[in-house]
Amino acid sequence: MCSFRYTWVTGREPLTYYDMNLSAQDHQTFFTCDSDHLRPADAIMQKAWRERNPQARITAAHEALDLEDCATAYILLAEEEATTIVEAEKLFKQALKVGESGYRRSQQLQHHGAQYEAQHRRDTNVLVYIKRRLAMCSRKLGRTREAVKMMRDLMKEFPLLSMFNIHENLLESLLELQNYADVQAVLAKYDDISLPKSATICYTAALLKARAVSDKFSPEAASRRGLSTAEMNAVEAIHRAVEFNPHVPKYLLEMKSLILPPEHILKRGDSEAIAYAFFHLQHWKRVEGALNLLHCTWEGTFRMIPYPLEKGHLFYPYPVCTETADRELLPTVFHEVSVYPKKELPFFILFTAGLCSFTAMLALLTHQFPELMGVFAKAFLSTLFAPLNFIMEKVESILPSSLWHQLTRI
């Protein structure tokens with residue numbers, strides 16, 4: 001919905017073809033099943049999700065609703081036809097009524113065969129998607145406490161469905177409420193060594209650690225007296241977050257301009273950094289001194305990471321394929337994709353390495369071809385001293401011979 005409004009206002013397409021193609025695949029995976037052809041409205045929607053023309057999809061959704069109430073048709077209209085969040089919320093509420101009845105019906109039949117099990121899985125995905133989008137509508141409309149309650153209820157009802165990353169939406173909403181104790185409680189559950197990480201988890205943990213010390217942090221004072229235990233914990237948390245995704249700090253520090261996030265992100269990539277900063281920059285600005293602490297410490301991370309990057313420090317080595325995938329996900333026409341910062345070696349080290357390599361090569365050639373190298377050496381020296389000999393000859397021709405004789409004696 002947001003991307004369509006962006007296109008209407010700017011005339012530019014914020015989503016790449018690759019990103020939209022992934023969305024089409026997701027819609028077909030989550031919102032369709034093999035038995036859809038048995039129900040006329042679902043059969044129309046199965047074709048609608050494959051349609052590439054937005055207007056054709058909207059028309060198909062209306063055709064499905066003319067036949068019967070269809071949850072996925074309401075979803076499509078909420079995402080693509082609604083022009084405001086209020087309109088979208090209204091359509092999602094209609095989808096919720098239909099989705100809940102369909103979910104209860106398929107829940108009773110799920111053990112009657114593989115066909116019913118697939119239909120129940122589809123109905124579960126539809127219901128979770130609708131409830132999550134309703135929670136996000138509440139969040140955008142300023143009803144943040146209501147959104148938090150909806151997200152908590154959804155996580156309790158469907159604890160195993162982690163693919164929608166509802167806990168990350170919950171973290172953002174709790175930060176908006178400045179309910180830092182509950183943020184810490186959510187992190188304690190999801191920031192576990194056995195669970196996959198994300199920029200939201202790592203940088204939120206760093207923000208909470210920074211919050212304890214950032215208001216009084218001064219780099220000059222820290223350099224004189226050293227870091228306190230709390231400051232050290234905050235710096236280590238920032239280093240951990242930067243190692244996970246090194247692209248985020250430039251967006252948080254506004255060293256690089258933000259764009260509308262893509263619909264799909266790549267963990268540890270530029271796309272994830274854009275999505276995180278787009279929604280969380282305001283929370284970093286709200287904590288006094290947090291961005292200053294980040295500015296003073298984030299680049300120190302790269303001194304701790306082994307070079308070459310054959311292994312990571314706290315995480316696996318940074319994936320080399322990330323940049324390629326990000327270039328597919330992000331609109332490179334008006335956005336320069338951020339790449340992994342490369343360590344720059346000092347000129348003295350590079351010069352010394354080059355000189356040693358050249359000397360070793362000369363020694364090897366001299367050992368293998370002594371006569372040939374002797375000829376080359378004589379030719380090189382004669383060429384090198386040719387300008388000096390030329391100058392000496394000119395001096396001899398200009399100065400009187402007696403004066404030149406006296407100079408040579410001296």
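These are my notebook entries on what I looked up in a predicted model of a protein.

**Entry 1: the whole chain**

I began with the secondary structure. The protein has 21 helices and 0 strands. I then looked up burial: of the 410 residues, 42% are buried. For contacts, I took those with a separation of 6 or more, and 66% of them join residues 24 or more positions apart. The exposed surface comes to about 23,800 Å², and carbon and sulfur atoms supply 59% of it.

**Entry 2: the nonpolar core**

I noted a general point before looking inside. In soluble globular proteins, nonpolar side chains tend to be buried together. Here the largest nonpolar core has 92 residues. Met45, Ile75, Tyr203, Leu252 and Trp284 have the most contacts inside this core. I asked which helix gives the most to the core. It is α11, with 9 residues.

Tyr203 lies in helix α11, so I listed its neighbours. Leaving out residues up to four places away in sequence, Tyr203 touches Ala241, Val242, Asn245, Val248, Pro249, Leu252, Tyr276 and Trp284. Two of these, Leu252 and Trp284, I had already written down among the residues with the most contacts inside the core.

**Entry 3: aromatic pairs**

I searched the whole structure for aromatic pairs, and the search finds 5. A pair of aromatic rings is described by the distance of the centres and the angle of the planes.

I looked up Tyr103 and Phe158. Their ring centres are 5.9 Å apart and their planes stand at 75 degrees. A pair counts as edge-to-face when the angle is over 60 degrees, so this pair is edge-to-face. Tyr103 is in helix α6 (residues 85–109), while Phe158 is in the loop between α8 (144–157) and α9 (166–176). The pair therefore ties together parts that are 55 residues apart in sequence. Both residues, Tyr103 and Phe158, are buried.

I then returned to Tyr203, which forms an aromatic pair with Tyr276. The centres of these rings are 5.4 Å apart, the planes are at 40 degrees, and the pair is tilted. Tyr203 sits in α11 (residues 199–211) and Tyr276 in α15 (residues 270–286), so this pair ties together parts that are 73 residues apart in sequence. Tyr203 and Tyr276 are both buried.

I also noted a cluster: Phe31, Trp49 and Tyr129 form one aromatic cluster.

**Entry 4: helix α9**

Is helix α9 enclosed or open? I counted burial to find out. Of its 11 residues, 10 are buried, so α9 is largely enclosed by the rest of the structure. The buried residues are Ile166, His167, Glu168, Asn169, Leu170, Leu171, Glu172, Ser173, Leu174 and Leu175. I noticed that Glu168 and Glu172 are in this list along with leucines.

What covers them? The cover includes α7 (114–140), α8, α10 (180–190), α11 and α15.

I picked one residue of α9, His167, to look at by itself. The relative accessibility of His167 is 10%. Buried means under 20%, so His167 counts as buried. Leaving out residues up to four places away in sequence, His167 touches Met155, Val186, Tyr190 and Ile201.

**Entry 5: two positive phi angles**

Most residues other than glycine have a negative phi. I wrote down two residues that have a positive one.

Gln178 comes just after α9, in the loop between α9 and α10. Its phi is near 60 degrees, a positive value in a residue other than glycine. Gln178 is partly exposed, with a relative accessible area of 44%.

Arg268 has a positive phi of about 75 degrees, although it is not a glycine. Arg268 is in the loop between α14 (248–252) and α15. Is Arg268 buried or exposed? At 9% relative accessibility, Arg268 counts as buried.

**Entry 6: a nonpolar patch on the surface**

Last, I looked at the outside. Phe358, Met361, Leu362, Leu365, Phe369, Leu372 and Phe376 form a nonpolar patch on the surface. Together they have about 660 Å² of accessible area. The elements giving two or more residues to the patch are α19 (347–368) and α20 (370–398). α19 gives the most, with 4 residues. I checked Leu362, which lies in α19. Leu362 is partly exposed, at a relative accessible area of 34%.

Methods
Residues are numbered from 1 along each chain as its sequence is written. This is a predicted model: local features need pLDDT of at least 70, side-chain atom pairs count only at pLDDT 80 or more; totals for chains, interfaces and linings use all residues. Side-chain values use heavy atoms; hydrogens and water are left out. Rings of Phe, Tyr and Trp (its six-membered ring) pair if their centres lie within 6.5 Å; planes under 30 degrees apart count as stacked, over 60 as edge-to-face and the rest as tilted. Buried means under 20% relative accessible area, exposed over 50%, partly exposed in between (1.4 Å probe, protein chains only). Contact means heavy atoms within 4.5 Å. Accessible areas come from the Shrake-Rupley method with a 1.4 Å probe; for residues, only the protein chains shown count as cover. A nonpolar core is a set of buried Ala, Val, Leu, Ile, Met, Phe, Trp, Tyr and Cys residues joined through side-chain atoms within 4.5 Å. Patches are made of residues with over 30% relative accessible area and no salt bridge: like charges are joined within 9 Å, nonpolar side chains (Val, Leu, Ile, Met, Phe, Trp, Tyr) within 5 Å. A salt bridge is a side-chain nitrogen of Lys or Arg within 4 Å of a carboxyl oxygen of Asp or Glu.
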